[in-house]
Structures are given as structure tokens and as C-alpha cells.
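Please look through the structure shown here with some patience, moving from the ligands outward to the strands, the core and the loops. The paragraphs below suggest one path to follow.

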Amino acid sequence: LYLESEIRHGLEQSQFTLYLQPKVNMDGMTKGFESLVRWDHPERGIISPAEFIPAMESMGFISQLDNWILEASFRQLKVLEPHHPEIVISVNISSTHFTKHSFLVFLNECLQKYPINPNRLELEITETLLMENMNEGREVINTIKQMGVRIAIDDFGTGYSSLSYLKNLPVDTLKIDRVFIKDIPDSESDKQISSVIIFLAKQLNFTVVAEGVETLAQLNFLKDNHCDQAQGFYFSKPIASHKAIIMLESER
Ligand code: G
Ligand code: G
Ligand code: MN
Ligand code: NA
């Protein structure tokens, strides 16, 4: 359980840190990173966002956290660009924050302050969020695309959206939820679902990323089905951001 005072103190004391998890192509080359926050708590150690993000959402702190992660990701893009000019960083944006005007204002400020190509930044929004706020969501996505920033649909397949609906939105990337990946190659139905999602998504010109890839067998299945990118413990866990340069340099 997290007390409001504890979270406030954590934000003031900069106890939150940015971790990066690589997204690789089918040859294992790094194409981007997903920004994932960690709470480096002085007494409790490293805490996963799954534990504290719901509390932050209900207490009204999530905008502050998401904006902090967003700005830290812009800084990382500047740092990593010399080592990989095409690198993309994806940032998770909470549903409660995404449709706020203040979010678009902050995003714009960052684009002014950090001169990077805006299409090096991708914002991940969950499929469920999008379906719950369809009209507002569509408007915000259109505005963000006009800024040149990329949009990814996170956890795809767990909600109720259809690809035909998404094709009418300026979405760049679909991330297949890891529930469909985890039982490959044993589960025939998960193999069928994943291969159909990949096939249709590619027909509609989305970049397709498989999440939660943990084994070579899963990677080989994705490769056979022409998936674009993969992310998961098979390649790397989320790493402290200073290690990202070392990773990129080792691939040169
Ligand atoms: O990092 P992981 O290992 O434990 O993340 C758990 C959940 O927290 C995931 O659903 C992920 O999308 C979410 N998450 C991680 N970092 C952030 C962040 O900076 N902002 C928001 N809103 N969610 C995040
Ligand atoms: O909801 P979102 O897709 O943003 O969640 C990212 C979460 O997935 C993070 O908690 C991250 O630590 C976790 N994750 C990343 N790779 C793997 C993996 O290979 N296996 C599992 N079980 N979790 C993963
Ligand atoms: Mn994500
Ligand atoms: Na996901």
C-alpha cells in the first residue's frame, strides 16, 4: 500500500528512474526501446509500476509521472541518437492523462525544447483506453500525428477493437499482447491468432511488434510469420538507461 505522502515524497526526491527495454527486428538488431518506469524506493527497493501506477492514477499523480518519463525519454533520444540515428523510444501514456489538454501542451513544449525528429518518439496507448474514449481518443491521436509523433496500440488483442476500425486512425504500430505469445509454440490457437493478427496488420501497413518473447521457438515462429519486431526477456529485460549506449555500440 502506498501513501499519498510517500508518492509525493518519491516524486520530490526523484526516486523514479527510467528503464529501457529493447525492441529488435527479426535478426535481433535493436530498432528502439520502450521506456518503463521503476521506483527506486529507499526502504522497499526497486518497485514495479504494476504496483504503484494504479495508486498514482487514483491519487492524481499519474500526469506528473508520465510527463517526467516523457521528458526523460526526450533526453535519452538526444543521448542515443549519435549511436543510432534511427532509434525510436516508446512511452506509455496513461488513459487518465492521454486525453488531457495539458498533456498535449507538455508534449509540444518538449518538442520545442529537445530538437529531435518527432517521429523518433512513439506514444503507447492501450487498446482498452482507445475503445473507452473513442471520439476524444480519435481527436487526440490526430493532433499527435500532426505533430509528427508516432502512435502505438499497446496490449493489442485483449480488448474489443477491430483492425478495420484501427485502419481509419493514423496509428503506426500494433503491439501484440504477450498473452498470445507466451504459449507459442505449444498452443495451436495462440499460433493461429498471432499469425492472423500479424498478417492482417501488415496488410494494413502497421508495424507489428510481439511482446513478451521469451524463447527462440517463439522468435522463430514470429520470423516465419513475418512479424516486424519483438520485445521480451529472450533479448533483454528492461535495463538502466545508461546501459543502452553500450548495447547499441555492441551492435555496430
Ligand atoms: O515495467 P513493467 O515491467 O512492470 O510495467 C508494468 C506496467 O506498467 C505495464 O503495463 C506498463 O505499460 C506500465 N508502465 C511502465 N512504465 C510506465 C509509465 O511511465 N507510464 C505509464 N502510464 N505506465 C507505465
Ligand atoms: O503493458 P506493457 O506492454 O507496457 O507492459 C510492459 C511490461 O511487460 C513490463 O512490465 C515489462 O517488464 C514486461 N515484460 C517485458 N518483456 C517481458 C517478457 O518477455 N515476459 C514477461 N512475462 N514480461 C515482460
Ligand atoms: Mn507498453
Ligand atoms: Na503490452
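In this predicted model, the shell around ligand 1 is made up of Leu36, Val37, Ser48, Pro49, Ala50, Ile53, Asp66, Ile69, Asn92, Ser94 and Pro238. If you trace these residues back to the elements that carry them, you will find that β2 (30-41), α2 (49-59) and α3 (62-80) each supply at least two residues of the shell, and that α2 gives the largest share, with 3 residues. Sorted by character, the shell around ligand 1 has 7 nonpolar, 3 polar and 1 charged residues.

The surroundings of ligand 2 can be read in the same manner. Here 14 residues form the shell, and the closest are Asn92, Gly212, Glu214, Gly232 and Phe233; Asn92 is also listed among the residues that surround ligand 1. The shell around ligand 2 divides into 4 nonpolar, 5 polar and 5 charged residues.

Stepping back to the whole protein chain, you can count 11 helices and 10 strands in its secondary structure. How compact is a chain of 252 residues that is built in this way? Its radius of gyration is 18 Å, close to the 18 Å that the globule rule gives for 252 residues, so the chain is as compact as a globular protein of that length. Taken along the principal axes, the box that the C-alpha atoms fill is roughly 50 × 45 × 40 Å. Of the 252 residues, 35% are buried, and among the contacts between residues at least 6 apart in sequence, 64% join residues that are at least 24 apart.

A good place to look more closely is strand β1, which covers residues 16-25. Because 7 of its 10 residues are buried, β1 is largely enclosed by the rest of the structure. Its pairing with β2 is antiparallel and is made through 9 bridges, and within this pair phenylalanine 16 stands opposite tryptophan 39 of β2. The two strands form a hairpin with 4 residues between them, and glycine 28, which sits in the turn, has a positive phi of about 80 degrees. Strand β1 also pairs in the antiparallel sense with β10 (residues 239-240), over 2 bridges, where tyrosine 19 stands opposite alanine 240. A further antiparallel pairing, again over 2 bridges, joins β1 to β9 (residues 229-230), and in it valine 24 stands opposite alanine 230.

Alanine 230 leads from the strands into the interior. In soluble globular proteins, nonpolar side chains tend to be buried together. In this model the largest nonpolar core has 56 residues, and those with the most contacts inside it are Ile125, Ile176, Val208, Ala210 and Ala230. Helix α3 contributes the largest share of this core, with 5 residues. Leaving aside residues up to four places away in sequence, alanine 230 touches Val24, Val209, Ala210, Val213, Leu219, Leu222 and Phe235.

The loops offer details of another kind, and glycine 159, in the loop between β6 (150-156) and α8 (163-166), is one of them. Is this glycine 159 buried, exposed or partly exposed? It counts as partly exposed, because it has 16 C-beta neighbours inside 10 Å. Although glycine 159 and methionine 131 are 28 residues apart along the chain, their C-alpha atoms are separated by 7.9 Å. Residues up to four places away in sequence not being counted, glycine 159 touches Glu127, Thr128 and Met131.

Some last points concern the backbone itself. Most residues other than glycine have a negative phi, and most peptide bonds are trans. With that in mind, notice that the peptide bond from isoleucine 184 to proline 185 is cis, with omega near 10 degrees, and that proline 185 lies in the loop between β7 (173-176) and α9 (188-203). Asparagine 205, in the loop between α9 and β8 (207-210), has a positive phi near 70 degrees although it is a residue other than glycine; asparagine 205 is exposed, with 9 other C-beta atoms within 10 Å. Histidine 226, in the loop between α10 (216-224) and β9, likewise has a positive phi, of about 60 degrees, without being a glycine. Histidine 226 is exposed too, for it has 12 other C-beta atoms within 10 Å, and a residue counts as exposed if that number is 12 or fewer.

Conventions
Residues numbered from 1 in each chain as written. Chains lettered and ligands numbered in written order. Rg over C-alpha atoms; globule rule 2.2 N^0.38 Å. Buried ≥ 20, exposed ≤ 12 C-beta atoms within 10 Å, placed from the backbone. Contact = placed C-beta atoms within 7 Å. Near = placed C-beta within 6 Å. Nonpolar A, V, L, I, M, F, W, Y, C, P; charged D, E, K, R; others polar. Pairing = 2+ DSSP bridges. Core = buried A, V, L, I, M, F, W, Y, C linked by C-beta atoms within 7 Å.
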